[in-house]
Amino acid sequence: MANIVELRPGAVAVIVVDNPPVNALKQAVRAGLRDAFTRARDDAGIHAIVLTAAGRTFMAGADITEFDKPPQPPGLVEVFDLMEASKKPIVAALFGTPLGGGLEVALTCHYRVAAPTTRLGLPEIKLGILPGAGGTQRLPRLIGVDKALPMILSGDPISAQEALANGLVDEIVEGDVTEGAIAFARRLLAEKAPLKRARDMEDKLKPYRDNPKLYDEVVAKSAKRTRGLAAPAAAIECVRWSFEKPFDEAERGVREAFQKLREGDQSKAQRHIFFAEREAAKVPDIPASTKPRDIKRAAVIGAGTMGGGISMCFANAGIPVTIIETSQEALDKGLATIKRNYENTVKRGGLKADEMERRVKLMTGTTDLAAGVREADIVVEAVFEDMGLKKEVFGKLDKLAKPDAVLATNTSYLNVNEIGKATARPPSVLGMHFFSPANVMRLLEIVRGAETAPDVLATAIAVGRKIGKVPAVVGVTHGFVGNRMLHARGIEAERMLLEGALPQDVDGALTEFGFPMGPFGMGDLAGLDVGWRVRKASGAKAEIADALVDAGRYGQKTGKGFYKYEGGSRSPTPDPDVEKLIVEASVRHGVKRRNLDRKEIFERLIFPLINEGARILDEGIAMRPGDIDVIWVYGYGWPVWTGGPMHYADRVGLSYIRDRLAEIAARAGNNPKLEPSPLLMRLADSGGTFAGLKKAA
Ligand SMILES: NC(=O)c1ccc[n+]([C@@H]2O[C@H](COP(=O)([O-])OP(=O)(O)OC[C@H]3O[C@@H](n4cnc5c(N)ncnc54)[C@H](O)[C@@H]3O)[C@@H](O)[C@H]2O)c1
């Protein structure tokens, strides 16, 4: 490619990186930068340099596809040495999203100017690594340790305005940012301004050099979850070195830490999810050129738990939404809950009051279905989980909605094809399965019906992205991908209680692994009466859960379930009454209770789930193992640093899982759900992996 990095000479020369789409710092860019800075140094006609990029953003990071290959010179450090040795001022002209390695390049410039909408960040932590090219050393020097560490640990970007306030950028320029940077450079020359090298700045480090204990406070404030996580722990150490060690020594340590993380299982898992997330909405038989329908207005049917959250998603993305209920009372209740949700976010500082007003204004409520859906380009149905009711609603929608409206159901389990058949336009119908709380959870399972039209699917994907979700396209099956696998996880949970475990032991095996909660804590949160009602309808039984509901223990909403929740607390406390109830059940079954260790519990929960994932893959309900991983990470709290169930299974080894499953199934009285699935058997027998399956396809 010609001119991937271009040098435009002049008294203020401009270096432009042009590597679409996001100017990632691949080898050719690094080499181009090295050459451009060398030429700028050697050209006596050049007195200052502006560094910028073509397209939609300043360099937005490293080229992650290079991570698994041997490093190719020049490294960024070589480029940075040249930049820092420059006697001519270098000004970064920032716009778009200078992230990761891109921001590290900017930190190495002497000055930074930014367009007002620029967002700057070091997101490496989200890939299980850390800023390996000066970010952990230069950022604390520029903005202070107390501001740098939270940026590095959260990985979240900050606005240009915040960056101006904390000293990360020197000026915000309206209009053309390159022109602004040139003008800035001219002023530097006219004023004979000093070259500000971040590595030489000491004043913001001094308080920590004088009193290293200050850092412990910063760590305590900034670190969220670090237990078992390699990258945050390493990043905390690296930032500590900024005031403990000389720059070059610290950077040597950082590079070692970076390499170790990069080669470690956690970062591999996180990179897998990064790529899988981008793939999960790609559908091989639907060309990328398929044009989504234009969505200007949405309607949501049902203002309950899900409908309210889904409406918020639309309003948050600036899409006007009408919420439809059966009675004014239910509508008022739903709207009040939405308002309260927003108010709480405002109180916590997550939303400005005027922004909240703007969003609330985008919402209208009505009890008139015809009026509510008439203008809508997309309708999401979120009424009770009842096939009869859903069919009735879709039958009406068919007559009332615009001819080209997308008609989506948020059903958790029901057959989307059957729902589609309640209309005369099944190609317009599909599932958009949100997760609770819908305004928070990132996952959106998009359920493709047998007749769903390509552009309807493309629209759902585009809308999903627009409202900030991670769409994963799946096929029709009871519970789709996530809930079907969740069900498989639950099979052994209650049996283990009868054999000798307590709810906290079972949940503990999952929270220890990194899940936010286990099956029993989750049951308490969702309400035990929900599953109880489903079981009653189908004649199924869950002895202990049913007994709890019969005793009025519905979970968090009644303050008692598998656990007790004292004084309105949301954190579970083990309850001796529940233990008694469980032990009595064991006695009734003539079971001699024994101690189940964490490993056994974990495997009996997780291996059946992986097994079900294999069946789902085999049936073509999920297109790729990575899609399943994305679903579990974004919808069910699977710890991202283990990469999701299928990635994790490959790491554990499929033959081990097959053998353990066979044992579990035998002990459970040959429950067919627990028998190793044909795909798992095939892969285990041939020494294959789920990841390999994808490549072979
Ligand atoms: N709660 C969850 O965690 C969750 C997660 C994903 C999907 N879902 C699915 O979402 C759907 C809604 O679940 P929910 O938890 O929000 O239920 P909910 O009981 O909280 O809300 C349902 C709402 O629909 C209203 N409604 C019923 N019939 C209606 C009609 N004909 N027209 C307009 N409104 C009507 C009810 O008044 C009620 O407010 C279900 O299909 C459920 O399976 C639920």
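Is Thr459 buried or exposed? In this predicted model, Thr459 is buried, with a relative accessible area of 0%. The residue belongs to helix α19, which covers residues 454–466. Setting aside neighbours within four places in sequence, Thr459 is in contact with Pro292, Arg293, Ile295 and Val406.

**A mostly covered helix**

Let's turn to helix α13, made up of the 12 residues 305–316. From its first C-alpha to its last, α13 reaches 17 Å, close to the 16 Å expected at 1.5 Å a residue. Much of this helix is hidden from view: 10 of its 12 residues are buried. Among them are three glycines in a row, Gly307, Gly308 and Gly309, along with Met306, Ile310, Met312 and Phe314. Just after α13 comes Gly318, which takes a positive phi of about 80 degrees.

**Two nonpolar cores**

The largest nonpolar core has 93 residues, and the members that touch the most others are Leu33, Phe37, Leu51, Leu168 and Tyr215. Helix α10 (residues 230–244) supplies the largest share of this core, with eight residues. Tyr215 is a good place to look around: leaving out neighbours within four places in sequence, its contacts are Val145, Leu149, Tyr208, Ile236, Val239, Arg240 and Phe243. There is also a second, separate core of 87 residues, and Leu443, Leu498, Leu510 and Ala684 are included in it.

**Helices that pack on α26**

Helix α26 (residues 598–618) packs with helix α20 (residues 482–499), and α26 also packs with helix α27 (residues 625–635). Here are the two pairs:

| Helix pair | Angle | Distance between axes |
|---|---|---|
| α20 and α26 | about 155 degrees | 8 Å |
| α26 and α27 | about 135 degrees | 10 Å |

Why is α20 described as roughly antiparallel to α26? The angle between them is about 155 degrees, and angles over 145 degrees count as roughly antiparallel. The angle of about 135 degrees between α26 and α27 makes those two helices oblique to each other. α20 passes α26 in a right-handed crossing, and the crossing of α26 and α27 is right-handed.

Which residues do the touching? On the α20 side, those that meet α26 include Arg484, Met485, Ala488 and Glu492, while the α26 residues in this contact include Glu600, Ile601, Arg604 and Leu605. Between α26 and α27, the contact is made by Leu609, Gly613, Ile616 and Leu617 of α26 and by Pro625, Ile628 and Trp632 of α27. Leu609, Gly613 and Ile616 of α26 also appear in the contact with α20.

Conventions: Residues are numbered from 1 along each chain as its sequence is written. This is a predicted model: local features need pLDDT of at least 70, side-chain atom pairs count only at pLDDT 80 or more; totals for chains, interfaces and linings use all residues. Side-chain values use heavy atoms; hydrogens and water are left out. Helices (H or I, at least four residues) and strands (E, at least two) are DSSP runs, numbered from the N terminus. The expected span of a helix is 1.5 Å times one less than its number of residues. Buried means under 20% relative accessible area, exposed over 50%, partly exposed in between (1.4 Å probe, protein chains only). A nonpolar core is a set of buried Ala, Val, Leu, Ile, Met, Phe, Trp, Tyr and Cys residues joined through side-chain atoms within 4.5 Å. Contact means heavy atoms within 4.5 Å. Axes are lines fitted to C-alpha atoms, for helices over the stretch in contact, and angles run from 0 to 180 degrees between N-to-C directions. A crossing is left-handed if the near helix is turned anticlockwise from the far one by less than a right angle, and right-handed if clockwise. Angles under 35 degrees count as roughly parallel, over 145 as roughly antiparallel, 65 to 115 as roughly perpendicular and the rest as oblique.
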